[in-house]
Amino acid sequence: MEALVAVGVPVALVIRLASVAAALGLARHARACRWAALGASTVASLLTGTVALQVIGSGHTIDGVLFRHTASGTVLGYSVTPLSAWFLMVTSLVAVPVALYSAGYFAHAVTTARTAAVGTAFTIMLGAIEVVFVAGGAIEFICAWEVMTLATSALVATEHESRASRRAAYLFLVMSHVGTGCLVAGFLILAAAAGSLSFPAILSGHIVVGPMRDLLFALFFIGFGVKAGLIPFHVWLPEAHPAAPSSVSAFMSAALITAGIYGLFRVCAFGLGTPEVNWALVILAVGALSAILGVLYALSQTDMKRLLAYSTIENSGIIALGLGAAMLALAHGRSTLAAVAVTASLMHVLNHAVFKGLLFLCAGSIVMATATRQIEQFGGLLRQMPWTGVCFLVGAMAISGLPLLNGFPSEWLTFQALLLGFTSTPGLVRLNLPLAAALLALTTGLAAACFVRAFGVTFLALPRTPSAAAAHESPVVMLVPQVCLAVLCGGLGLFPGLVLDALRSVTGSLPGTQPGVEVRSMGFGMPSGLGSFDHVVPALLALALLVGVIGAAALSSRRRAAARRAPTWGCGGELTANAAYTATAFSKPLMMIFRAVYRPTRQVDALAEVSPYFVQQVRYRSENEPIFERYVYGPLVKGVVRAASGMKVLQAGSLHAYLAYVLVLAVILLMWLGGTT
Amino acid sequence: MTLVIQEALMTAGAALLQAVGLLAVAPLLKTVIKKMKARLQNRQGPPLLQGYYDLAKWFGKEAVRSETASWIYVAGPRVYFAAALAATTLVPVVFAAAPLEAAGGILLLVGTLAFGRFALATAALDTGSPFGGMGASRDMTIAALAEPALMLGLFASALAAGSMNLGVLIRTLLQGGIALHPSDMLAFAGLFMIVVAETGRIPVDNPATHLELTMIHEAMVLEYAGPDLALVEWASAVKELLYLTLLAGLFMPVGMATTTAPAALLVGFLAWTGKVFALAIAVTLVESTNAKLRLFRVPELVAISLGLAFLALAIRFL
């Protein structure tokens, strides 16, 4: 076992490479190909998950070599630090159910001709993200990062006949490469200053000083912020996540965005030396903006998968709020507070992965059963899909931050971090923290509204279309992963103390943080804060709620007659599905209240044939203005295009001109270099 | 070991006692407010025990449920009721400690109430009637908007006392003696508005209306009948009593019992009754002298409350 853990990471990679070869070889046999890719993927994920758990448990880093070329002296190494292990563990936790689910899902959703391509890309993506987390140096990191991006964009473009999919993949590639460009620049600056490319050397802190440090922060923040889907770098996310096959969307939303979060942790918060107060404020502001705008945009969506994608942006924002509080604490040297905030943030990484993975898998089942993603065309699905319905309900309650489920403990801990930050940091700056807490409260409330809407309109009342009425439950191979994740939502929510204890070694391994008694489990619950600031034991509340439900049942149990069934009153007519409240109507009040954010345009056409007083048909169209696309990226793209067409003058297509450029450049370089030596 | 079990039993007993006690009193509070409102309008109003008569009547009837509804519709009122009941054990009432203080503080209380709201709003969408959806949409909208103001108001009090745990918080306030800080006034004003909004009173919602265009809470539970309706109405009454108790405890903790001596408990009980009655008068006056706001004016009210809470926080610490 010990020996296996020591070489777990390379072995998992080898398994993945072998499975890629096998899947390509079996391309003509869809079933065998699926199992070759996904089965091997599951085994490899279990292996890396074991390694991660081992590191988290012991707190000791596992180092090793992935590739060595003696002649050129190239050594590519890996290093599973406790922080890497946490992200590796979260990824494995999602990857295993997603792979199992995909085995059933791809059979229906992916054509035989594409099975090999999708399975291969999926496996490569999983392998690449694992290497991203365990990379021992900048070279490994950037290579794996790029492979991850390419594999993901291939998956996004799975249905490349559709223009929307191609556009989503293109947007994803462009945004990712802007981010990667920033990362490469940042790592090169660090490497030049440190004289090495290995992470322990370049991320030891204070390699560079002064304004250069701020520049580095900005570069890494943009680079990782794109991947994490933080607003304003989020534009690709709501296009790319829904375009991929649903199980891949689940993995992208649950695990892939954590690659960006990992980078923010590893480099921005703990790799560039003690963070500045201003950096912390930037992260806090972007986190609060992402949380609130993410949930507001989610509320306005009628496409189930886009809704979930926007909600991913929201949760990424909540994670960033915790990280921002941690950086503020680090900047002021408050090591125990930093530990609380880091714990909050990392706990939400785990919890979000579990419930968002669950919700996307449920969405995949719904889409498969009804062949549409439009919420308005579902309705009454709880009758046909009871298991998926219950799983979606659990996920919806978890993401709404309700106690007993796993969204609550991490949001609770984030509140603790923000409020404790307010009481224990100096200066006026701290007033931002309770404001951030208020925005977090608003986000939670809006998320609850958003998911009451998503669950209610999808699963309750009457089916709105024939396809919804004819929907049927998914096969067992797709239900089991959903149920497992739903159980995990409950388990992590009822016993958050276990997660807290697991995170102690991770938090303790980071420079500048010191996990005190604030982050140690208390029974099954969590204490937090200095002195007796607050604690929470959800299991106790679960008992109280259970007693309450039993009491209610006892009070309302009728000895004489069972409940009578009667049709719902249809306001005088027969009740049809058209009478039920739609998703658009449900979020209408909030859309009107926040119209400054949505900037909606609406168009109502009353079509009449004979006289305008006898309207035959009313057409209603409403659209929200895409603010970031129009006002941020629009001018940016225009500027780039204009600069490019300006540069066309240089690229005239004449070989003589190009040779002249080379000559001129060589002369200038020689003069410049000659001048320095 | 026996000591632990004994303590657990004591806690469970106290929690049960408090829950049952608040359940017993809650219908009275609703009727008292109705009665006072009627007297202000020169009407007689219902008899003081009307709340109990209504509950008895509903519990005696059969439940009529929609043919289109699923198990969610049945679970909604029960979970809502259980959440209200669980919430009662998290708030100190007569004694300066909540029975289930070990479970958590302010954030857990807010979360528990949100749990009940989520269940009821979801269930409201189950019958396919447009009213349920309308009510659920409006209720969730107002709750979402009220949440930051409620939290910030509670934070202002909690941060001043240095604890988010209601029991610790109130005991700290009691030790400090009566010293009203200006920030308390602001926080109280902010929270009072939120309590009005959360309990569905004028100017946010009208508990007496059955006009579909103006209803919020009533629209949400329009389809319920019999025992299901009884559970919803009872739980709403408990929630209202709970909010008033919370306000009384946070801003006027004087008189709460700190020992289990019978005399102290009696004083605590009388003080609690008096304070809740005073707040009930305030609610009645607000309800009698204001008109109901348009739904889209409610955000302004909530924004004022949020501003007050933030000011409370700012002047306390700067």
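This report walks through the confidence of chain A, its contact with chain B, two strand pairings and one helix pair.

Keep in mind that this is a predicted model. For chain A the pLDDT averages 91, and 98% of the residues score at least 70. Among the elements of that chain, helix α16 (residues 386-399) has the highest mean pLDDT, at 97, while strand β3 (residues 526-528) has the lowest, at 76. As a rule of thumb, where pLDDT is low, the predicted coordinates should not be read in detail.

Now for where the chains meet. On the chain A side, 70 residues are in contact with 69 residues of chain B. Several elements of chain A supply at least two residues each, including α15 (381-384), α17 (407-424), α22 (538-556) and α23 (583-593). Strands β4 (534-536) and β5 (564-566) of chain A are on that list too. The biggest giver is α18(A), with 15 residues. Sorted by class, the side of chain A that touches chain B has 52 nonpolar, 13 polar and 5 charged residues.

The two chains also share a strand pairing: β5(A) runs parallel to strand β1 (residues 64-66) of chain B, over 3 bridges. In this pairing A:R565 sits opposite B:R65 of β1(B). Within chain A there is an antiparallel pairing as well, between strand β1 (residues 62-69) and strand β2 (residues 74-80), over 7 bridges. There, A:D63 has A:S79 of β2(A) as its bridge partner. Here are the two pairings side by side.

| Strands | Sense | Bridges |
|---|---|---|
| β5(A) and β1(B) | parallel | 3 bridges |
| β1(A) and β2(A) | antiparallel | 7 bridges |

β1(A) and β2(A) form a hairpin, with 4 residues between the strands. One residue to look at in the turn is A:G73, whose phi is positive, about 75 degrees.

Finally, over to chain B and a helix pair. Helix α3 (residues 71-88) of chain B and helix α9 (residues 226-251) of chain B have axes that come within 9 Å and cross at roughly 25 degrees. Angles under 35 degrees count as roughly parallel, so α3(B) is roughly parallel to α9(B). The crossing of α3(B) and α9(B) is left-handed. From α3(B), the contact is made by B:P77, B:R78, B:Y80, B:F81, B:A84, B:A87 and B:T88. From α9(B) come B:D228, B:L231, B:V232, B:W234, B:A235, B:V238, B:K239 and B:L242. Taken by class, the residues of this helix contact are 11 nonpolar, 1 polar and 3 charged.

Methods: Residues are numbered from 1 along each chain as its sequence is written. Chains are lettered from A and ligands numbered from 1 in the order in which they are written. This is a predicted model: local features need pLDDT of at least 70, side-chain atom pairs count only at pLDDT 80 or more; totals for chains, interfaces and linings use all residues. Axes are lines fitted to C-alpha atoms, for helices over the stretch in contact, and angles run from 0 to 180 degrees between N-to-C directions. Angles under 35 degrees count as roughly parallel, over 145 as roughly antiparallel, 65 to 115 as roughly perpendicular and the rest as oblique. A crossing is left-handed if the near helix is turned anticlockwise from the far one by less than a right angle, and right-handed if clockwise. Two residues are in contact if their C-beta atoms, placed from the backbone, lie within 7 Å. Ala, Val, Leu, Ile, Met, Phe, Trp, Tyr, Cys and Pro count as nonpolar, Asp, Glu, Lys and Arg as charged, and the others, Gly among them, as polar. pLDDT is the predictor's confidence in each residue, from 0 to 100. Two strands pair if DSSP finds at least two bridges between them.
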